[in-house]
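Visitor: Mind walking me through this one, a few questions at a time?

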Amino acid sequence: MTRRRTPADVVRAAPGPAFEIRFDGRPLPALPGQSIAAALWAAGVLSWRTTRRDGRPRGAFCGIGSCFDCLATVNGRPNQRACLVPARPGDTITTQEGHGHADLTV
Ligand code: FES
């Protein structure tokens, strides 16, 4: 039986110990140096935003900060590109609906 290789194994990375972030109230592990999108993907979360018009699910697409599909609300700040924001211990990520400013609508 062969051992399953992870991306960290392939590049011989030795990340520090995992820490916890929360996504929609759910605790998830993250590693130092991981982006929020990478941590969500590693936990099996593929969607963390809905489109403005039709409420369609979105997550990471380009992974390099070009497409804006990965917008999320991070620690109460909407419109953060999850593929560029490093995960930090205790971060709270919530699914972003629409333009992320629904609480400001008058
Ligand atoms: S996945 Fe395209 S900007 Fe983040």
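Visitor: Where does Asp91 sit?
Guide: Quick ground rules before that. This is a predicted model, where local features need pLDDT of at least 70, side-chain atom pairs count only at pLDDT 80 or more, and totals for chains, interfaces and linings use all residues. Residues are numbered from 1 along each chain as its sequence is written, and side-chain values use heavy atoms, with hydrogens and water left out. Helices (H or I, at least four residues) and strands (E, at least two) are DSSP runs numbered from the N terminus, and Asp91 falls in the loop between strand 6 (77-81) and strand 7 (92-94).

Visitor: Which side chain of opposite charge is nearest to Asp91, and how far away is it?
Guide: Lys and Arg count as positive, Asp and Glu as negative, while His and the chain ends are not counted. A salt bridge needs a side-chain nitrogen of Lys or Arg within 4 Å of a carboxyl oxygen of Asp or Glu. Asp91 is buried (under 20% relative accessible area; exposed is over 50%, partly exposed in between, with a 1.4 Å probe and protein chains only). It has no salt bridge, and the nearest side chain of opposite charge is Arg88, at 6.0 Å.

Visitor: Which backbone nitrogen does the side chain of Asp91 reach?
Guide: Contacts here mean heavy atoms within 4.5 Å, and leaving out residues up to four places away in sequence, Asp91 touches Glu20, Ile21, Arg22, Ile36, Asn75 and Pro86. Its side chain also reaches a backbone nitrogen at 2.8 Å, that of Arg88.

Visitor: Which element gives the most to the largest nonpolar core?
Guide: Such a core is a set of buried Ala, Val, Leu, Ile, Met, Phe, Trp, Tyr and Cys residues joined through side-chain atoms within 4.5 Å. The largest one has 18 residues, and Ile21, Phe23, Ile36, Leu40, Trp48 and Ile93 touch the most other members. Strand 1 (19-23), strand 2 (26-30), helix 2 (36-42) and strand 5 (71-74) each supply at least two residues. The top contributor, with four residues, is helix 2.

Visitor: How many bridges join strand 1 and strand 2?
Guide: Strands pair if DSSP finds at least two bridges between them. Phe23 has Arg26 in strand 2 as its bridge partner, and in the hairpin, which has two residues between the strands, Asp24 takes a positive phi near 50°. The two strands run in the antiparallel sense, and their bridges number five.

Visitor: Which salt bridge links distant parts of the chain?
Guide: The structure holds three salt bridges. Arg22 pairs with Glu20, closest N and O atoms 3.5 Å apart, and Asp54 meets Arg56 at 3.9 Å, N to O. The remaining pair meets at 3.4 Å, N to O, and joins a residue in strand 3 (residues 49-50) to one 20 residues apart, in the loop between strand 4 (57-58) and strand 5: Arg49 and Asp69.

Visitor: Are Arg49 and Asp69 buried or exposed?
Guide: Arg49 has a relative accessible area of 11%. Asp69 has 18%. Both therefore count as buried.

Visitor: How far apart are the C-alpha atoms of Leu31 and Arg53?
Guide: Leu31 is in the loop between strand 2 and helix 2, partly exposed at 30% relative accessible area. Leaving out residues up to four places away in sequence, Leu31 touches Pro15, Gly16, Ala18 and Phe19. Arg53 is 22 residues apart from Leu31 along the chain, and their C-alpha atoms are separated by 34 Å.

Key: A polar contact is a pair of N or O atoms within 3.5 Å; within protein, one must be able to donate a hydrogen and the other to accept it, and residues adjacent in sequence count only if both atoms are side-chain atoms.
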